[in-house]
Amino acid sequence: MKLHNTLTSKTDDLQPLNPPKVTVYTCGLTVYSQPHIGNWAAYIYWDVLVRSLKAIGYDVVRVQNVTDVGHLTSDEDSGEDKMEKGAKREGLTAWNVADKYIKIADHEAYDLLGLLRPDYMPRATEYIPQQIAFVEELEKRGFTYTIASDGLYFDTSKLDDYGKLAKLNIEGLQPGARVAYKGKKNVTDFAVWKYSPEGQKRDMEWDSPWGKGFPGWHLECSAMARALLGDQIDIHTGGIDHIPVHHTNEIAQTEVITGKPFAKYWLHNSHIKVNGTKISKSLGNVYTLQDITDKGFSIEAYKLLILSSHYRTEGNFTWAILEAAQNRLNNYTRIAALRHQPLATQLSKQADFEQAALLIKKSLESDLNTPQALAALSETLAKIEEIGLHESQVAPFNTYLQSVRDILGIDLLVANITDEQRAMIKNRKTHHQAKDWEESDAIRSELKEQGIGLADTANGTVWYRL
């Protein structure tokens with residue numbers, strides 16, 4: 001499998017540390033508010049990554065953290081903790097806000113989107129002792145210093161290769177260009193432990209050797225990855241916005257402790273925009289999965305929209321593009337439903353489903369080329385529509401659709417229809433042949449309300465799920 005490694009800027013063959021095991025760490029959600037469609041795009045891509053690795057035969061062990069403390073509203077190690085901000089907004093405690101949005105995210109990710117659940121989903125607040133121990137090691141090695149009334153900071157000037165992931169020009173950075181000084185020794189230094197504000201009790205705070213406070217945001221990923229996956233991991237995933245600060249700082253603090261490369265492969269997805277603009281509350285373009293279903297679209301159609309763009313290509317969401325994805329999905333399900341109504345006569349041509357499945361697999365092995373994989377799927381289904389499906393091919397076609405589900409996460413294995421619905425289709429055919437359009441259309445409309453679509457083809461009428 002070939003993957004584009006952000007660290008090397010090259011597309012390299014995957015060579016795991018301990019094959020056939022592959023360890024994957026994914027930066028998870030900060031659970032202070034409702035996830036939106038831009039958040040979910042990344043997890044759809046990394047879900048396909050894990051599915052592809054498993055399809056190749058790797059034993060994948062994956063950690064996806066839950067950030068429920070320490071993520072400030074600014075990368076400058078200043079501003080309000082997002083969890084505390086969410087608590088004030090909703091009149092709850094930060095703990096309750098975390099529980100609320102973890103539950104919502106869990107439902108959306110695994111019930112609605114159908115993503116594979118990671119092996120471990122640790123909350124940052126569950127690993128406070130490990131994070132404190134991690135900082136103590138940094139302190140023993142002389143990589144930290146204190147800013148009074150603020151916190152304990154990591155001294156980036158003591159690393160010769162700091163910023164290698166983002167390829168930062170450290171000397172060229174000016175105060176305010178990335179982070180403000182506020183007593184820092186260097187513009188790139190970052191907090192590993194923040195003090196609780198004087199005279200203020202936070203919902204989430206802990207005693208530590210440096211005083212009561214809470215961990216810096218970057219710390220949790222390093223501590224939890226090490227605790228659950230070891231000193232080194234194979235693949236670290238996240239959004240491109242994580243490159244210049246969050247992932248850069250993870251690398252710095254982890255490699256000081258272990259003396260080894262933190263991750264062999266760094267994978268980063270580009271963002272998705274809405275109507276060609278950044279997703280922003282001020283622009284009123286923050287859409288959720290609920291917004292999608294409220295407008296009558298399916299979650300599977302949204303997944304198709306996302307996978308139609310490569311993970312390293314900036315995506316775009318519009319309702320028109322989603323409608324096109326929904327039409328594409330409807331066409332897929334219509335053709336997939338042919339396995340419930342195969343032709344009785346032998347076909348002169350038959351599809352090679354093993355080769356068709358291999359084309360999808362090979363596309364994903366080439367740096368998760370999901371657009372190419374979907375093109376291969378479309379080509380196969382179009383061929384089935386053209387030549388028909390014989391009874392002898394139903395089982396191989398089922399196997400093919402199962403492989404599509406397993407590796408792409410797109411489920412076209414729609415259930416069969418009831419005897420009553422089958423009788424309605426037969427009755428409608430009779431009225432259609434008699435050119436009784438009114439009754440024919442009435443039956444079609446009734447079936448549509450039940451989620452069944454009809455298509456009149458050269459091979460007869462076929463049904464499909466809407």
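Student: What share of the contacts in the protein chain with a separation of 6 or more comes from residues 24 or more positions apart?

Tutor: Such residues account for 75% of those contacts, where contact means heavy atoms within 4.5 Å. The model is predicted, so local features need pLDDT of at least 70 and side-chain atom pairs count only at pLDDT 80 or more, while totals for chains, interfaces and linings use all residues. Residues are numbered from 1 along each chain as its sequence is written, and side-chain values use heavy atoms, with hydrogens and water left out.

Student: How many helices and strands does the protein chain have, and what makes a run count as one?

Tutor: The protein chain has 14 helices and 14 strands. Both are DSSP runs numbered from the N terminus: helices are H or I with at least four residues, strands are E with at least two.

Student: Why is H1 called oblique to H10?

Tutor: Helix H1 (residues 37-56) and helix H10 (residues 353-365) pack at about 120°, with axes 10 Å apart. That angle makes H1 oblique to H10. Angles under 35 degrees count as roughly parallel, over 145 as roughly antiparallel, 65 to 115 as roughly perpendicular and the rest as oblique. Axes are lines fitted to C-alpha atoms, for helices over the stretch in contact, and angles run from 0 to 180 degrees between N-to-C directions.

Student: Which residues make the contact of H1 with H10, and what classes do they belong to?

Tutor: From H1 come Val48, Ser52, Ala55 and Ile56, which meet Lys361, Leu364 and Glu365 in H10. By class, this contact has four nonpolar, one polar and two charged residues. Ala, Val, Leu, Ile, Met, Phe, Trp, Tyr, Cys and Pro count as nonpolar, Asp, Glu, Lys and Arg as charged, and the others, Gly among them, as polar.

Student: What makes H2 roughly perpendicular to H3?

Tutor: The axes of helix H2 (residues 82-90) and helix H3 (residues 94-112) cross at roughly 90° and come within 8 Å. That crossing makes H2 roughly perpendicular to H3. Among the residues in the contact are Met83, Arg89 and Glu90 of H2 and Val97 and Tyr101 of H3. The contact has six nonpolar, one polar and four charged residues.

Student: How do you know that tyrosine 101 is buried?

Tutor: Its relative accessible area is 8%; buried means under 20%, exposed over 50%, and partly exposed in between (1.4 Å probe, protein chains only). Tyrosine 101 is found in H3. Leaving out residues up to four places away in sequence, tyrosine 101 touches Val31, Tyr32, Ser33, Gln34, Arg89 and Glu90.

Student: Why is helix H6 called largely enclosed by the rest of the structure?

Tutor: In H6 (residues 243-258), 15 of the 16 residues are buried, so the helix is largely enclosed. Just after H6, glycine 259 takes a positive phi of about 70°.

Student: What makes serine 9 partly exposed, and serine 149 exposed?

Tutor: Serine 9 has 43% relative accessibility and so counts as partly exposed. Serine 149, at 68%, counts as exposed. Phi of serine 9 is near 60°, and phi of serine 149 is near 60° too. Most residues other than glycine have a negative phi, and most peptide bonds are trans. Serine 9 lies in the loop between strand S1 (2-5) and S2, and serine 149 in the loop between strand S5 (144-147) and strand S6 (151-154).

Student: Where is the cis peptide bond from proline 19, and what is its omega?

Tutor: The bond runs from proline 19 to proline 20, with omega near 5°. Proline 20 lies in the loop between strand S2 (10-13) and strand S3 (21-26).
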